[in-house]
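Okay, thanks for coming, everyone. I'd like to walk you through one model today, so have a look at it on the screen and stop me whenever you like.

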Amino acid sequence: MDKIILTGDRPTGRLHVGHYVGSLRQRVALQNYGEYRRTMIMIADAQALTDNFDNPEKVRQNVIEVALDYLSVGLDPERSILFVQSQIPELTELTFFYSNLVTVARLQRNPTVKNEIKLRNFEADIPVGFFTYPISQAADITAFKATTVPVGEDQLPMIEQTREIVRRFNSVYAPVLVEPEALIPKEEACKRLPGTDGKAKMSKSLGNCIYLSDTADEVAARIQTMYTDPEHLKVSDPGHLEGNTVFTYLDAFCRPEHFSRYLPEYENLQALKDHYTRGGLGDMKVKKFLTAVMQEELEPIRKRRAEYEKDIPAVYDILKRGSEKAREIAAETLHEVKDAMRINYFDDRELIRSQAKKYSDRG
Ligand code: TRP
């Protein structure tokens, strides 16, 4: 197979279970079982700086956190290339060339950018770097000729914008770049895992996240206070599933074998849901089950993290080696891009010869 995966995350905080079911879990599966020639996972520190330029220390501190999260979920440096965006200067060059192929109006229409501008109160005064980050994201993807980009649903407009840039480049210059496809999770609950308070977005400031690096006690405590159905007051009351965070998390995490292990009186998740809607099933019992399910998934992640935390210099070394490899690949693409754009003067013997001839003919 000639498929290549590239994806990444901004290092602005530790990764949480939303990242896990939305993309990380799938990346590990693709790395291990998929028929891909290459898996590239990038810590997008340069992109993180587009809206944290005044807080470089935050980005700097979180590079290692994200690296530890990657390694702890099972991304394997022997099988995947883990690297740091800012260490690949070729990406910046590509961004500059691609920016000729994108209009301001098109960037303004990008729904993700629109949304983020609102979120950050950038309406009046948008930094150019932030405004143009979709172009840099196109460089990230195309530099490695990625065919497949596993991301959360919010990133779809970025992939679409990348595809447009690729088509434009290939038609204006030469067919050098590869049009990528997004890969998003099928399960609704995984596309957009809510915070533990039921709010749509998990965020550090709302204190509604479960982090991959949380201790078993922290995870259990978060689930204890998880938002359920406010009208489900007595165990005997019929309960509602819609907007019920505990059931959304079960949709994302629960597998059939969990029932025989932790809740054998139910055959499957549907049977549990049926009982809850009928009435007679208490929130506490469901929460206890969810806790068991999530601890089973998170325990090996915590263990692996603890191992890597013992040797932080080795983790930086993994990133350094990955970045060196990534640079080699990006340099090859940049070379082809420059050829296609006719800015390869010194490698082009034919150009030098024909110019020389032009001037000698004149003389
Ligand atoms: N925009 C992504 C995020 O916010 C991070 C990212 C940067 C990325 N470059 C990428 C994702 C290239 C996929 C492909 O999480």
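Let's start with strand E3, residues 80-84: all 5 of the 5 residues are buried, so the strand is largely enclosed by the rest of the structure. By buried I mean under 20% relative accessible area, with exposed being over 50% and partly exposed in between, using a 1.4 Å probe and protein chains only. Helices and strands here are DSSP runs, H or I of at least four residues for a helix and E of at least two for a strand, numbered from the N terminus.

Before I go on, a word on where this comes from. It's a predicted model, so local features need pLDDT of at least 70 and side-chain atom pairs count only at pLDDT 80 or more, while totals for chains, interfaces and linings use all residues. Residues are numbered from 1 along each chain as its sequence is written, and side-chain values use heavy atoms, with hydrogens and water left out.

Back to E3. In a regular strand the side chains alternate between the two faces of the sheet. Here both faces are covered: Ser 80, Leu 82 and Val 84 are buried on one side, and Ile 81 and Phe 83 are buried on the other.

What does E3 pair with? With E2, in the parallel sense, over 5 bridges; two strands pair if DSSP finds at least two bridges between them. In that pairing, Ile 43 stands opposite Val 84 in E3. E2, residues 36-43, is also joined to E1 by 7 bridges, and those two run parallel. There, Asp 9 stands opposite Ile 43 in E2. As for E1, 5 of its 7 residues are buried, so E1 is largely enclosed by the rest of the structure.

Keep Ile 43 in mind, and look at Val 66 in helix H3, residues 56-73. Val 66 counts as buried because its relative accessibility is 0%. Its C-alpha atom is 7.3 Å from that of Ile 43, although the two are 23 residues apart along the chain. Not counting residues up to four places away in sequence, Val 66 touches Arg 10, Pro 11, Gly 13, Leu 15 and Ile 43, where contact means heavy atoms within 4.5 Å.

Now the ligand. Which residues come nearest? Of the 13 around the ligand, they are Arg 10, Gln 47, Gln 137, Asp 140 and Gln 155; a residue is near a molecule if one of its heavy atoms lies within 4 Å of it. A polar side-chain atom of Gln 47 sits 2.7 Å from a ligand nitrogen. For Asp 140 the corresponding distance to a ligand nitrogen is 2.8 Å, and for Gln 155 it's 3.0 Å. The protein covers 91% of the 370 Å² of accessible area that the ligand has on its own, with areas from the Shrake-Rupley method and a 1.4 Å probe. Strand E1 (3-9) and helix H8 (133-143) are the elements that give two or more residues to that shell.

So what about H8: buried or exposed? Buried: 11 of its 11 residues are, so H8 is largely enclosed by the rest of the structure. Among them are Gln 137 and Asp 140. Just after H8 comes Lys 145, with a positive phi of about 55°, in the loop between H8 and strand E4 (148-150). Most residues other than glycine have a negative phi. Arg 342 has a positive phi too, near 65°, and lies in the loop between helix H16 (312-340) and helix H17 (349-362). Arg 342 counts as exposed because its relative accessibility is 59%.

One more residue: His 232, in the loop between helix H11 (216-224) and helix H12 (245-253). His 232 is buried, because its relative accessible area is 7%. Its side chain makes a polar contact with the side chain of Tyr 276 at 3.2 Å. Polar contact here means a pair of N or O atoms within 3.5 Å; within protein, one must be able to donate a hydrogen and the other to accept it, and residues adjacent in sequence count only if both atoms are side-chain atoms. The His 232 side chain also reaches the backbone oxygen of Leu 281 at 3.3 Å.

Last, the whole chain: 17 helices and 5 strands, with 49% of the 363 residues buried. The C-alpha trace spans about 100 × 45 × 40 Å along its principal axes.
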